[in-house]
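Q: I am new to this structure and would like a close look at a single part of it. Please start from one residue, describe its surroundings, and then place it in the rest of the chain.

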Amino acid sequence: MTSGFKKKSLKWSMSLLIAFLLCFAAGLSAMAASDDLVFDNYDRSALADFASSNAGAQWTGGDAGKSATLDDNALKLEYGSKGWFGTGGGIDASSYKYLKITIKGAAGGEGADFDLNYAVGETVKTIGKNFADLSGAAITKDFQDIYIDLAANEIDKGIQALHFNFLDGKSGTIWIDDITFTNSNGAAEEEPAKESAGADDSGETDATTDDTSSDNAGAEANPKTGDSMNLTLYVTMAMISGLAALAMVYKVRKANRD
Ligand SMILES: [Ca+2]
């Protein structure tokens, strides 16, 4: 029967379309996931075991003044006086705008205790600013993503290594959960969420301007995710609904056949 055939081919077209959309969504998701360049995430049990963590870094060095260890998938740097910690690898960061460092400190404010220098090949370059002045954001006792604008700080695009140089007479402890090169500074997406989450009924217009803004600009919530995470969420939702649609089509076809 022709009408039956038409129905059948329509269902087949729908299935094909949905399958195509699923493939597209999966591809998009993979692209979003690989967009950033992970320099090091310290997701391993031995500092020098780079192969297990998918990191761009391939060596570490220095004494950090006291010690450099791994602590719960983060790099823990204890510094007691002068000291340094360096890490590098054969990376190409030339297409990225920001260096994102997910960092916290034992006391907060550790960004004034060290400089962040870098190397292009074997040549170490001095930026001449302490860590806090590279971004304007202060290290706090909670992990936060701190974004360093590479161009604004005149950091060479050929950057292949980072050096944390601890200043004479300073002591403290910092943890670095992740170092990534990225093109998104995570700012645009977070603002609305922060406003609505922090707003309450009493005087929401004036009360929020003063107390937390300067130090904690990026400290609230956990801005680890950024837009690629949102994209992944949407894609996952699309894939789930696509699968549900496929299951429905299959059911209908089966019911028609029986
Ligand atoms: Ca980590």
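A: The residue to start from is Tyr-42, which sits in the loop between strand 1 (37–40) and strand 2 (59–62). The model is a predicted one, and everything below describes that model.

Is Tyr-42 buried or exposed? Tyr-42 has 22 C-beta neighbours inside 10 Å, and 20 or more are needed, so this loop residue counts as buried.

Which residues surround Tyr-42? With neighbours within four places in sequence left aside, its contacts are Ser-53, Leu-70, Asn-73, Ala-74, Leu-75, Ile-176 and Asp-177. One of these, Asp-177, lies 135 residues away along the chain, yet the two C-alpha atoms are 6.6 Å apart. Contacts across long stretches of sequence are also a feature of the whole protein chain: among contacts with a separation of 6 or more, 75% join residues 24 or more positions apart.

Two of the contacts of Tyr-42, Leu-75 and Ile-176, lead on to the largest nonpolar core. This core has 40 residues, and the members that touch the most others are Leu-75, Leu-77, Ile-103, Ile-148, Phe-164 and Ile-176. Two or more residues each come from strand 4 (75–79), strand 6 (98–105), strand 7 (114–120), helix 2 (131–135), strand 9 (144–149), strand 10 (161–166) and strand 11 (172–182). Strand 11 is the element that gives the most, with five residues.

Ile-103 offers another view of the core. Apart from neighbours within four places in sequence, Ile-103 is in contact with Ile-139, Phe-143, Ile-146, Ile-174, Trp-175 and Ile-176. Ile-176 therefore appears in the contact list of Ile-103 as well as in that of Tyr-42, a contact being a pair of C-beta atoms within 7 Å.

Strand 6 is mostly covered, with six of its eight residues buried. What does strand 6 pair with? Strand 9 is one partner, joined in the antiparallel sense over six bridges; within this pairing, Thr-102 has Asp-145 of strand 9 as its bridge partner. Strand 11 is another partner, also antiparallel, with eight bridges, and here Tyr-98 is matched with Thr-182. As a general point, strands of a sheet pair through backbone hydrogen bonds, either parallel or antiparallel.

Back at the loop that holds Tyr-42, strand 2 belongs to an open sheet of five strands in the order 2-5-10-7-8, with antiparallel pairing. Strand 2 and strand 8 (123–125) stand at the edges; each has a single partner strand, so one side of each has no neighbour in the sheet. Neighbouring strands in this sheet are turned against each other by 20 degrees on average, direction ignored. The partner of strand 2 is strand 5 (residues 83–88), and four bridges join this antiparallel pair. In that pair, Gly-62 stands opposite Phe-85.

For the wider setting, the protein chain has five helices and 11 strands. Of its 258 residues, 28% count as buried, and Tyr-42 is one of the buried residues.

Last comes the confidence of the prediction. The mean pLDDT of the protein chain is 79, and 70% of the residues reach 70 or more. Among the elements, strand 6 has the highest mean pLDDT (98), while helix 4 (residues 207–210) has the lowest (44). The pLDDT is below 50 over residues 190–227, a stretch that has 29 contacts in the model beyond near neighbours in sequence.

Key. Residues are numbered from 1 along each chain as its sequence is written. This is a predicted model: local features need pLDDT of at least 70, side-chain atom pairs count only at pLDDT 80 or more; totals for chains, interfaces and linings use all residues. A residue is buried if 20 or more other C-beta atoms lie within 10 Å of its own, exposed if 12 or fewer, and partly exposed in between; C-beta atoms are placed from the backbone. A nonpolar core is a set of buried Ala, Val, Leu, Ile, Met, Phe, Trp, Tyr and Cys residues joined through C-beta atoms within 7 Å. Two strands pair if DSSP finds at least two bridges between them. Axes are lines fitted to C-alpha atoms, for helices over the stretch in contact, and angles run from 0 to 180 degrees between N-to-C directions. pLDDT is the predictor's confidence in each residue, from 0 to 100.
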